[in-house]
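Hi everyone, thanks for coming. Today I'd like to walk you through one model, a few residues at a time, and please stop me whenever something is unclear.

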Number of protein chains: 2
Amino acid sequence: MRRDIFQAIADPTRRAIIALIAVHSMTPNAIAENFNTSRQSISKHLRILSECELIHQEQQGREIYYSLKIEKMKEIDEWLEQYRNIWENRFDQLDDVLSKLKKN
Amino acid sequence: MRRDIFQAIADPTRRAIIALIAVHSMTPNAIAENFNTSRQSISKHLRILSECELIHQEQQGREIYYSLKIEKMKEIDEWLEQYRNIWENRFDQLDDVLSKLKKN
DNA sequence: TATTTGCGAAACCAATTAGTTGCATATATA
DNA sequence: TATATATGCAACTAATTGGTTTCGCAAATA
């Protein structure tokens, strides 16, 4: 089973869950109220997010509060970094390519 | 059929294709040489990336050169922006929350 | 002109996904 | 203690996915 952060954020419901619990921790029931889907399906999404270590849970009595592990989101940022370099230095790179072409 | 950039980058083969053609445009055959999968399966991935407007194609005789539309990658960056704010201002936000709590 | 090459598309298949319903369990409350 | 509530988990299902094989077409080449 592939289970990484890229697969985790591929689903729009999971992205919405992430956005919700980024603000403050929430219980599965409270999260589910924001969607027209069952509590169980939200639970499954939470499990996937958990397996990706994207969220953290804290039991409080019979309730479980889920919150976002914001550090994990940095992984996406790190992956993006290489491309950010490209789009920021597009023209510099073009110059680079051209000068290299001249040398050959 | 869901077809957005988050679904596009969910597959590791597609992320590898993106990395490959980010450097310079390549033909499907040349791309496929880098994986132990068929040219046809790469073609399917390229179609998905195309449908997400993540790549650009240029016909040259019977060859088709695929290249990355780097601007599209910015969409991920924009989505990440809200979370970047959170992880950068974690402590500031904590202060914020605490001061708001005091007021209530 | 006949053959090879590069490619996309269709048909098919196994695995995975996102959802459902129906439990079981633990905690709160009457 | 009996009941209600919050939750996770298992079994099932339909849709989607990523791959394959097979095909057709257009461009290059012999």
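Let me begin with a word we will need: a residue is called buried under 20% relative accessible area, exposed over 50%, and partly exposed in between. Please also keep in mind that what you see is a predicted model.

Now let's try that word out. Where does E53(A) fall, buried, partly exposed or exposed? Its relative accessibility is 46%, so E53(A) counts as partly exposed. You can find E53(A) in the loop between α4 (39–51) and β1 (55–60) of chain A. There is something else to notice about this residue: the phi of E53(A) is near 60 degrees, a positive value in a residue other than glycine. For background, most residues other than glycine have a negative phi. Chain B has its own example, since E53(B) is in the loop between α4 (39–51) and β1 (55–60) of that chain. The phi of E53(B) is near 60 degrees, and with a relative accessible area of 46%, E53(B) is partly exposed.

Next, let's move to an arginine. R14(A) sits in helix α2 of chain A. Is R14(A) buried or exposed? With a relative accessible area of 6%, R14(A) is buried, because that value is under the 20% limit. So who are its partners? If we leave aside neighbours within four places in sequence, R14(A) is in contact with Q7(A), A8(A), H45(A), I48(A) and L49(A). Two of these deserve a closer look. The R14(A) side chain reaches the backbone oxygen of A8(A) at 2.7 Å, and it makes a polar contact with the side chain of H45(A) at 3.0 Å. Here is one more pair to find on your screen: R14(A) and L46(A) are 32 residues apart in sequence, while their C-alpha atoms are 8.0 Å apart in space.

On to the aromatic rings. The count is 4 aromatic pairs over all chains. One of them joins F6(A) and W79(A), with 5.0 Å from centre to centre and 70 degrees between the planes, which makes the pair edge-to-face. This pair links distant parts of the chain: F6(A) belongs to helix α1 (residues 5–8) and W79(A) to helix α5 (residues 70–88), 73 residues apart. Both partners are buried: F6(A) has 9% relative accessibility, and W79(A) has 12%. Together with Y83(A), F6(A) and W79(A) form one aromatic cluster.

That tyrosine takes us to the place where the two chains meet. How many residues are in contact there? It is 25 residues of chain A with 25 residues of chain B. About 2400 Å² is buried between the chains, and carbon and sulfur atoms give 71% of that area. I70(A), Y83(A) and W87(A) supply 25% of the area that chain A buries against chain B, more than any other three residues.

There are charges here too. Across this interface we find 4 salt bridges. Among them is the one between D4(B) and R15(A), whose closest N and O atoms are 3.5 Å apart. On the chain A side, α1, α2 (12–23) and α5 each supply at least two of the residues that touch chain B. Which helix gives the most? It is α5(A), with 11 residues. By class, this side of chain A has 16 nonpolar, 1 polar and 8 charged residues.

That's my tour, and I'm happy to take your questions!

Conventions:
Residues numbered from 1 in each chain as written. Chains lettered and ligands numbered in written order. Predicted model: local features only at pLDDT ≥ 70, side-chain atom pairs only at ≥ 80, totals over all residues. Heavy atoms only, no water. Phe/Tyr/Trp six-rings, centres within 6.5 Å; stacked < 30°, edge-to-face > 60°. Helix = DSSP H or I, 4+ residues; strand = E, 2+ residues; numbered from the N terminus. Buried < 20%, exposed > 50% of the residue type's maximum accessible area, 1.4 Å probe, protein only. Contact = heavy atoms within 4.5 Å. Buried area = accessible area lost by both parts, 1.4 Å probe. Salt bridge = Lys/Arg side-chain N within 4 Å of Asp/Glu carboxyl O. Nonpolar A, V, L, I, M, F, W, Y, C, P; charged D, E, K, R; others polar. Polar contact = N/O pair within 3.5 Å; in protein donor to acceptor, adjacent residues only side chain to side chain.
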